[in-house]
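This report introduces a protein structure to a reader who has not met it before. Please look over the sequence and the structure before reading on.

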Amino acid sequence: MLTSLCRLFIITQFFSTIESVLDNAPINADPWDVDGPCQEYVEKFAVVQANMVQCATNWSIPPKVCTNCWEHYIAFKQVEYETKHLNNISSLDNRTCTQVIYDNYLLSYGHDISEALTSSIWAKSRCDSCLTISWNFTANDSRVDFANQTVLFQEKLFGWRDCVVNYTDYNDDLFQNGTICGYCKKQFNSLFSYYWAIYVEPGVEFCVDVETTMNDTIHLWNDVWQCAEKKDRNRDTAMVFVTMGVLLVITSLFYASSYIQGGGQPRILIRCKFD
């Protein structure tokens with residue numbers, strides 16, 4: 001009889017413990033998941049990371065993350081900050097959710113993805129050269145300020161594009177008699193001159209957005225629309241031949257001097273001695 005009562009007491013205590021755990025677990029969380037209370041924050045983090053990845057991929061040809069994905073980047077960094085300050089919310093084993101997300105396991109996918117977005121995408125795109133973000137995580141009120149050189153470049157770029165659009169509004173054929181090149185040459189030269197002056201200045205650089213946009217613009221103007229002046233192309237071709245000629249002359253003089261110094265005998269530059 002006593003043994004039966006002891007068994008009944010143990011079973012009762014077991015179910016009481018289980019009930020206590022279930023009562024403390026979040027309603028929407030898996031009660032068997034020790035990290036259940038932290039799951040909603042991980043899901044929120046995953047959403048902003050995914051939005052940033054999607055934006056970066058959408059603007060990858062050409063790469064223009066800085067000027068098109070800065071809102072997603074701010075949202076992602078804001079939630080990242082929040083996940084690193086979840087000190088008042090704990091898992092069922094009384095570890096803070098910040099510890100669970102970043103330190104609890106051998107791998108932290110959230111941390112690795114954040115590092116890739118910050119270091120491999122945002123930093124390598126040199127976004128700080130085009131805009132400045134004034135971070136205010138505590139108030140969730142971070143703001144962006146575009147650099148003057150970025151704004152001026154965009155204005156000149158849009159000025160050139162507006163010229164092309166205005167021309168096509170009155171001409172069915174964009175390349176009719178090649179007049180598009182002359183019609184918008186002034187705007188293109190202004191854009192290129194502004195870009196080149198900053199590009200060659202030491203210690204000053206554009207973000208990747210501006211560089212790739214300008215490279216595509218030059219390619220479109222010179223190669224696709226064939227607006228490069230013929231004299232420029234002839235000059236480039238002539239420079240290639242001149243360079244090749246100079247190299248041939250230098251090479252010939254080198255071998256001629258070697259021949260003369262060798263007394264008319266072919267000069268052996270490397271001698272091998274065999275015992």
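The sections below cover the overall fold, the disulfides, the core, two helices and one buried serine.

## Overall fold

The structure is a predicted model. Its secondary structure consists of 11 helices and 2 strands. In sequence order these elements follow the pattern α-α-α-α-α-α-β-β-α-α-α-α-α. The protein has 275 residues, and 28% of them are buried. Its accessible surface comes to about 19000 Å², and carbon and sulfur atoms account for 57% of that area. When contacts between residues at least 6 apart in sequence are considered, 60% of them join residues at least 24 apart.

## Disulfides

A search of the whole structure finds 6 disulfides. If the bonded cysteines are numbered in sequence order, the pairing reads 1-5, 2-4, 3-6, 7-11, 8-10, 9-12. Three of the links, described here in turn, are listed in the table.

| Disulfide | S to S distance | Angle about the S-S bond | Handedness |
|---|---|---|---|
| Cysteine 66 and cysteine 127 | 2.0 Å | -80° | left-handed |
| Cysteine 130 and cysteine 207 | 2.0 Å | -85° | left-handed |
| Cysteine 163 and cysteine 184 | 2.1 Å | -95° | left-handed |

A disulfide joins cysteine 66 to cysteine 127. Cysteine 66 belongs to helix α3 (residues 65-68), while cysteine 127 sits in the loop between α6 and β1, so the pair ties together parts of the chain that are 61 residues apart in sequence. Both of these cysteines, 66 and 127, are buried.

Another disulfide is formed by cysteine 130 and cysteine 207. This pair links distant parts of the chain, 77 residues apart: cysteine 130 is in the loop between α6 and β1, and cysteine 207 is in the loop between α9 (185-199) and α10 (208-224). Cysteine 130 and cysteine 207 are both buried.

Cysteine 163 and cysteine 184 also form a disulfide. Here helix α7 holds cysteine 163, and the loop between α8 (179-183) and α9 holds cysteine 184, with their positions 21 residues apart in sequence. Cysteine 163 is buried, as is cysteine 184.

## The nonpolar core

The largest nonpolar core contains 45 residues. The residues with the most contacts inside this core are Met52, Trp122, Phe153, Trp160, Cys184, Val210 and Trp221. Helix α7 (residues 148-170) gives the most to the core, with 6 residues. Domain 1 (36-146) and domain 2 (149-224) both give residues to this core, so the core lies between them.

Cysteine 184 thus appears both in a disulfide and among the core residues with the most contacts. Leaving aside residues up to four places away in sequence, cysteine 184 touches Trp160, Cys163, Val164 and Trp221.

## Helices α4 and α10

How does the span of each helix compare with what its number of residues predicts? Helix α4 (residues 70-83) has 14 residues, which at 1.5 Å a residue should span 20 Å; the C-alpha atoms at its ends are 20 Å apart, in agreement. For α10, 17 residues should span 24 Å at 1.5 Å a residue, and its end C-alpha atoms are 22 Å apart, which agrees.

Which residues of α4 are buried? They are Tyr73, Ile74, Phe76, Lys77, Gln78, Val79, Glu80 and Thr83. These buried residues of α4 pack against α2 (39-58), α5, α6 and β1 (131-134).

In α10, the buried residues are Val208, Asp209, Val210, Thr212, Thr213, Met214, Thr217 and Trp221. Two of these residues, Val210 and Trp221, are also among those with the most contacts in the largest nonpolar core. After α10 comes glutamine 226, which has a positive phi, near 55°.

## Serine 108

Where is serine 108 found? Serine 108 is in the loop between α5 (97-102) and α6 (109-123). Is this serine buried or exposed? Its relative accessibility is 10%, and serine 108 therefore counts as buried. Apart from residues up to four places away in sequence, serine 108 touches Ile101 and Tyr102.

Terms used. Residues numbered from 1 in each chain as written. Predicted model: local features only at pLDDT ≥ 70, side-chain atom pairs only at ≥ 80, totals over all residues. Heavy atoms only, no water. Helix = DSSP H or I, 4+ residues; strand = E, 2+ residues; numbered from the N terminus. Buried < 20%, exposed > 50% of the residue type's maximum accessible area, 1.4 Å probe, protein only. Contact = heavy atoms within 4.5 Å. Core = buried A, V, L, I, M, F, W, Y, C linked by side-chain atoms within 4.5 Å. Domains from an automatic or database assignment. Expected span 1.5 Å × (residues − 1). Areas by Shrake-Rupley, 256 points an atom, 1.4 Å probe, with all protein chains shown as cover. Disulfide = S-S within 2.5 Å.
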